[in-house]
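Colleague: Could you take me through one part of this model in detail, namely the protein surface that faces the DNA? I would also be glad to hear how that surface fits in with the rest of the assembly.

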There are 2 protein chains.
Amino acid sequence: MTSEAAEGARRRWKQNPEAVQEDILRVAVAVFSESGLSGARIDEIAARTQTSKRMIYYYFGDKMGLYMRALEAAYAKVRAGEDQLDLGTLPPDEALARLVAFTFDHHRSNPDFIRMVMIENIHNAETLAASEVIRNMNVSAIEKLRDICRRGEAEGLFRQGLDPVALHWQISALSFFNVSNRPTFSALFGEGFFSEEGQKALRRQIVDSLLAEVRPRDTPRP
Amino acid sequence: MTSEAAEGARRRWKQNPEAVQEDILRVAVAVFSESGLSGARIDEIAARTQTSKRMIYYYFGDKMGLYMRALEAAYAKVRAGEDQLDLGTLPPDEALARLVAFTFDHHRSNPDFIRMVMIENIHNAETLAASEVIRNMNVSAIEKLRDICRRGEAEGLFRQGLDPVALHWQISALSFFNVSNRPTFSALFGEGFFSEEGQKALRRQIVDSLLAEVRPRDTPRP
DNA sequence: GCAAAATTGTACCAGTTGTTACATTAAGGG
DNA sequence: CCCTTAATGTAACAACTGGTACAATTTTGC
């Protein structure tokens, strides 16, 4: 094994376009998510890169082109993380509980992604809507949920007529808000919710709430 | 009654500083919430005002000064709306249901406010934290909730140990997300949730979910 | 009425920022 | 070994944008 082999057996010596692009994208996600779309400065992105501003325009055309690719990169990364989750053959209620807890933690450990989505929403998701890459990346969480719902209904553990997308909406809302609105919420109501214990309690509350949600309704006593 | 009396018995003729400031703030909230903090252009705000850029700097100092006042104005407006809600002497569960439904609708009809809060969160709530005006505006929803919880627990309708702030967190998360993430969510999963029927169903789901949340836990059958 | 203070109009500037022209070096094909 | 193409460095521009100097006008206190 020669020393060159350590760098991935790609190009031999200098000039590694793919690594340069990855480098730019990594920094771009960070800067965009820190400063917003118009707040982010190409100069800053360039400065935090190992390459130059020139190369950004060479590979990504303009600021919006870079932003779109950065958004796609952010989505791709969390998607890859989601696929790590294997619910195996857990019983439906446990599977749901685990999925909810996972989503909560996953969002929490990917604040950059959350911020990119926030920025996208400020701009009416125009870039997202224009990106075929992301649209084709159909969120795997839905598939998992659909399966869980089907099994839960079949076994009588869940009530009938559950909408997996609605469930996903609810799980997302709570997990997303926990990260996205932390600054304003903690500024108004204190940091308590965001301590380690606070987050654990919150996660349990959310899991419980979702489980209660899918359980069959109490049949009213006559 | 002279014709001058029609304009509110304020100043007699020309030059009405307070109206000018209100005009600027109204437009500022709109433009900031449309374009974000750095995306908003003072020139655009000025153009959509009945006055000039000169006056913006005269009354608000600089862009950040204007932004802070706009943020405060946005909070003040929704706060005023919230105070309209009177839960009177409704039984606790009905009061909670009505509070949840109201919050859901209220957020929905104040997208500008939601967007301002989103922008604030992107910028780590630094302006919010610096605004004594807003911090002193302690959200009245919490007070209402605290009262509901107390009554509910006393009557045995709710389980013990409810945390009003945690409940508020949950209500906010669902109602906020519904507005804030509509663009990305509908781009990925369709507009269905945001039609009139979709929103009605969602609101009912949220109300039910919250009510189930506060009900006393089922005592496990021996 | 008059002077001081408050309010507004006009024009402009200085710094920033996205973007590009031009030149140069490295890589691959034959 | 040469030539075409891909990749990169240097430097600068043109437009935008937040902010202001200066002067004019209106209002108010006395």
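Modeller: Happy to; here is the DNA-facing surface, followed by the contact between the chains and the fold behind it.

Some ground rules come before the details. This is a predicted model, in which local features need pLDDT of at least 70 and side-chain atom pairs count only at pLDDT 80 or more, while totals for chains, interfaces and linings use all residues. Residues are numbered from 1 along each chain as its sequence is written, chains are lettered from A and ligands numbered from 1 in the order in which they are written, and side-chain values use heavy atoms, with hydrogens and water left out.

Let us begin with DNA strand D. It is surrounded by 21 residues, where a residue is near a strand if one of its heavy atoms lies within 4 Å of it. The closest are A:Gln15, A:Met55, B:Arg41, B:Lys53 and B:Tyr57. Of the strand D atoms that come within 4 Å of the protein, 67% are sugar and phosphate.

Several polar contacts (a pair of N or O atoms within 3.5 Å; within protein, one must be able to donate a hydrogen and the other to accept it, and residues adjacent in sequence count only if both atoms are side-chain atoms) reach the phosphates of this strand. From chain A, an N or O atom in the side chain of A:Tyr58 is 3.2 Å from a phosphate oxygen of DNA strand D, and an N or O atom in the side chain of A:Ser52 is 3.4 Å from a phosphate oxygen of that strand. From chain B, a backbone N or O atom of B:Lys63 lies 2.9 Å from a phosphate oxygen of DNA strand D.

Helices here are DSSP runs (H or I, at least four residues; strands are E, at least two), numbered from the N terminus. Those giving two or more residues to the surface near DNA strand D are helix 1 (17–35) and helix 3 (53–60) of chain A, and helix 2 (42–47) and helix 3 (53–60) of chain B. Helix 3 of chain A has the largest share, five residues. By class, this surface has nine nonpolar, three polar and nine charged residues; Ala, Val, Leu, Ile, Met, Phe, Trp, Tyr, Cys and Pro count as nonpolar, Asp, Glu, Lys and Arg as charged, and the others, Gly among them, as polar.

Now for DNA strand C. There are 19 residues around DNA strand C, and A:Arg41, A:Lys53, A:Tyr57, B:Gln15 and B:Met55 come nearest. Sugar or phosphate makes up 68% of the strand C atoms within 4 Å of the protein, with bases making up the rest. One base contact involves A:Arg54, which has a side-chain N or O atom 3.4 Å from a base nitrogen of DNA strand C. Phosphate oxygens of DNA strand C lie 3.1 Å from a polar backbone atom of A:Ile42 and 3.3 Å from an N or O atom in the side chain of B:Tyr58.

Helix 3 of chain A, along with helix 1 (17–35) and helix 3 of chain B, each supply at least two residues of the surface near DNA strand C. Helix 3 of chain B gives the most, with four residues. The class count for this surface is nine nonpolar, three polar and seven charged residues.

Both chains take part in this surface, and they also meet each other. Their contact (heavy atoms within 4.5 Å) takes 49 residues from chain A and 49 residues from chain B. Between them they bury about 4400 Å², 69% of it on carbon and sulfur atoms; buried area is the accessible area (1.4 Å probe) that two parts lose on being put together, summed over both. There are 14 residue pairs in polar contact between chain A and chain B, both residues at pLDDT 80 or more. On the chain A side, helix 1, helix 6 (111–122), helix 8 (132–136), helix 10 (164–180), helix 11 (182–189) and helix 12 (196–214) each supply at least two residues. Helix 10 of chain A has the largest share of that side, 12 residues.

As for the fold behind all this, chain A has 12 helices and zero strands. Of its 222 residues, 50% count as buried, meaning under 20% relative accessible area, with exposed over 50% and partly exposed in between (1.4 Å probe, protein chains only).
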